[in-house]
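Please open the model in your viewer and keep the sequence panel beside it, since each stop of this tour asks you to select something and then look at what surrounds it.

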Amino acid sequence: MTIKSKWPKLGTLLLAGFVLAACGDNGQDNQEGQDNQTQEENAPSNGEEASSEETSGEASDQEGSDDQASNGETVEITFWHAMNGPHQEALTALTDEFNASQDQYFVNEQSQGEYGDLNQSVTAAAVSDELPTMAQLTPTDVPEWASNDLIVPLTDDFLTSNGLDQEAIDDIYPGFLESGTFDGERYAMPFSKSTRIMFYNQDILDEYGVEVPETWDQVLDLADQMIEAGDDAYAMGFENSFEMEWETMARQNGSDFVDPDSGTVDLNGPEAVEALELIQGMLEDGQARTAGEDGFMSGPFGNGASALYIGSSAGTTHVAPAAEGINWSTAPIPTFNDTELTFFAGNDLGLFSSASEEEQAGFVAYLSFLLEPENAAQWAIDTGYVPVREEAINSDLYQNYLEENPEYEAPTQMLSYGMSSPTFEGYGEFRNNMVTAMEEVSVNGVAPQDALDSLQEQTEQILN
């Protein structure tokens with residue numbers, strides 16, 4: 001596949017890099033567990049900028065790779081990613097194991113910093129024709145990179161012809177595969193995935209004699225009891241940007257939301273408005289709070305400021321140290337209108353179209369290694385992400401881990417009905433507009449109908 005000589009949408013690529021880190025995890029993948037946005041899930045930065053030698057990347061020369069392959073020498077696969085801290089350590093360990101397992105390919109993994117930094121690095125490399133072999137990407141990146149012919153469609157035929165077992169592809173949860181799909185083609189394969197979960201303070205629930213809420217009506221009942229008792233704690237905690245919670249509740253309530261295939265937009269209908277009115281009402285009535293100046297809700301929740309808290313499963317590793325003084329665990333998110341639904345977030349792996357045939361084969365070999373059940377399970381154990389394969393979850397390794405760490409079980413209970421939000425060109429702008437709409441409602445007190453009317457018009461313009 002040949003890259004276009006001109007890049008009319010690279011400005012969009014730059015903008016997309018600034019959309020809520022993991023495209024849907026409300027920044028938690030960067031700050032609370034490592035996303036995508038949409039709307040998942042990177043361990044916090046160690047606070048130090050990587051050196052230029054570490055971040056600039058020594059992209060393998062295309063001609064050099066071809067020569068190496070033809071001479072039977074090792075083909076270098078350059079992998080740019082946004083993993084930092086403990087997550088980078090886990091990735092390096094897996095990569096070293098792959099490199100040691102064979103001598104045909106050598107994966108050179110290079111952190112580019114945070115997601116925004118990675119996006120800018122890819123944009124600059126595209127302009128200078130110095131792209132790496134592969135990269136981590138979020139759902140926001142997929143439509144932008146694909147529409148610029150930056151990445152290769154990862155069809156079943158392409159993957160299996162390069163050595164990936166069809167059984168492995170079929171074993172991946174469909175909702176995870178959806179996040180890498182654009183315009184009817186799959187351009188990315190799932191790697192570090194998360195889902196929304198509800199953290200709960202068992203001590204507060206016991207104080208009021210209630211079970212872990214399974215519906216939003218039960219959440220409201222708990223809130224009323226706490227207010228009546230004059231409790232300083234709130235029933236529910238939301239992240240400052242709660243667009244994923246609103247999208248989940250709106251879809252649970254029957255909203256069609258955005259369907260890029262048909263071009264329809266349903267963001268200001270009664271189902272979507274009702275969901276946002278419930279959230280606004282809880283915030284205004286003292287039944288719920290946002291993280292506010294704390295940045296992320298894991299801290300206040302750990303201090304007992306709320307009985308419940310909805311966030312990313314990737315944030316569990318940050319809740320644990322914050323909540324050492326309380327009896328806590330996790331559960332599936334509440335249903336709205338008795339409908340089970342949750343959204344996946346996190347990031348995927350994409351193959352750049354500038355890669356040689358040998359590099360493409362190396363990408364698939366590395367992907368096959370990462371998808372092996374034991375490796376997928378170990379990655380999840382080391383990082384707090386969710387295994388992307390059913391066989392990995394059912395492995396003795398992961399089941400033993402869940403027995404010892406039951407707080408990681410809730411995400412696996414929702415995989416059968418989880419989904420990824422459909423992406424489209426301009427998706428990053430759309431998600432940014434969603435965040436603005438939520439802020440208008442929660443901070444400025446704008447009526448949900450008015451905020452969603454504006455979001456509806458903006459989204460129609462993007463799609464048209």
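Select the lining of the largest cavity, whose residues divide into 14 nonpolar, 1 polar and no charged. This is a predicted model, and the space enclosed here is computed as about 120 Å³. Of the 15 lining residues, those closest to the centre of the cavity are Phe-191, Leu-370, Ala-376, Trp-379 and Val-388, and they make a convenient set to show as sticks. Two or more residues of the lining come from each of strand E6 (189–201), helix H17 (357–371) and helix H18 (373–383), with H18 giving the most, 4 residues.

From the cavity, move to strand E6 by selecting residues 189–201. Are the residues of E6 mostly covered or mostly open? The strand is mostly covered, for 13 of its 13 residues are buried. Now bring up the strands that pair with E6, taking them one after another:

- Strand E13 (residues 342–351) pairs with E6 in the antiparallel sense over 6 bridges, and here you can pick out Lys-193, whose bridge partner in E13 is Gly-346.
- Strand E11 (residues 306–312) also runs antiparallel to E6, to which it is joined by 5 bridges; select Arg-196 and you will find it standing opposite Ser-312 of E11.
- Strand E12 (residues 328–331) pairs with E6 over 4 bridges, again in the antiparallel sense, and the pair to display is Asn-201 with its bridge partner Trp-328.

While the side chains of a strand are displayed, it may help to recall that in a regular strand they alternate between the two faces of the sheet.

Next, select residues 75–81, which form strand E1. Because 6 of its 7 residues are buried, E1 is largely enclosed by the rest of the structure. Its link to strand E2 (residues 105–111) consists of 7 bridges, and these two strands run parallel; to see one position of this pairing, show Thr-78, which stands opposite Asn-108 in E2.

Then turn to helix H13, residues 243–252. Why can H13 be called largely enclosed by the rest of the structure? The reason is that 10 of its 10 residues are buried, and if you colour the helix by residue type you will find among these buried residues Glu-243, Glu-245, Glu-247 and Arg-251, as well as Met-244, Trp-246 and Met-249. After the helix comes Gly-254, whose phi is positive, near 110 degrees.

For the next stop, select Pro-448, which lies in helix H23 (residues 448–463). Pro-448 is buried, with a relative accessible area of 4%. Leaving aside neighbours within four places in sequence, show the residues in contact with Pro-448, namely Val-273, Leu-276, Glu-277, Gln-280 and Val-441. You may also draw a C-alpha to C-alpha distance from Pro-448 to Ala-272, which comes to 9.0 Å although the two are 176 residues apart in sequence.

Finally, colour the chain by confidence. The mean pLDDT of the protein chain is 87, and 84% of its residues reach 70 or more. Over residues 1–8, however, the pLDDT is below 50, and this stretch has 13 contacts in the model beyond near neighbours in sequence. The pLDDT also stays under 50 over residues 11–70, for which the model has 243 contacts beyond four places in sequence.

Notes
Residues are numbered from 1 along each chain as its sequence is written. This is a predicted model: local features need pLDDT of at least 70, side-chain atom pairs count only at pLDDT 80 or more; totals for chains, interfaces and linings use all residues. Side-chain values use heavy atoms; hydrogens and water are left out. pLDDT is the predictor's confidence in each residue, from 0 to 100. Contact means heavy atoms within 4.5 Å. Buried means under 20% relative accessible area, exposed over 50%, partly exposed in between (1.4 Å probe, protein chains only). On a 1 Å grid over the protein atoms alone, a cavity is a set of points where a 1.4 Å probe fits but cannot get out, and a pocket is an open set with protein on both sides within 12 Å along at least five of seven lines; lining residues have an atom within 4 Å of a point. Grid points are joined across faces, edges and corners, and a volume is the space filled by probe spheres set on the points. Ala, Val, Leu, Ile, Met, Phe, Trp, Tyr, Cys and Pro count as nonpolar, Asp, Glu, Lys and Arg as charged, and the others, Gly among them, as polar. Two strands pair if DSSP finds at least two bridges between them.
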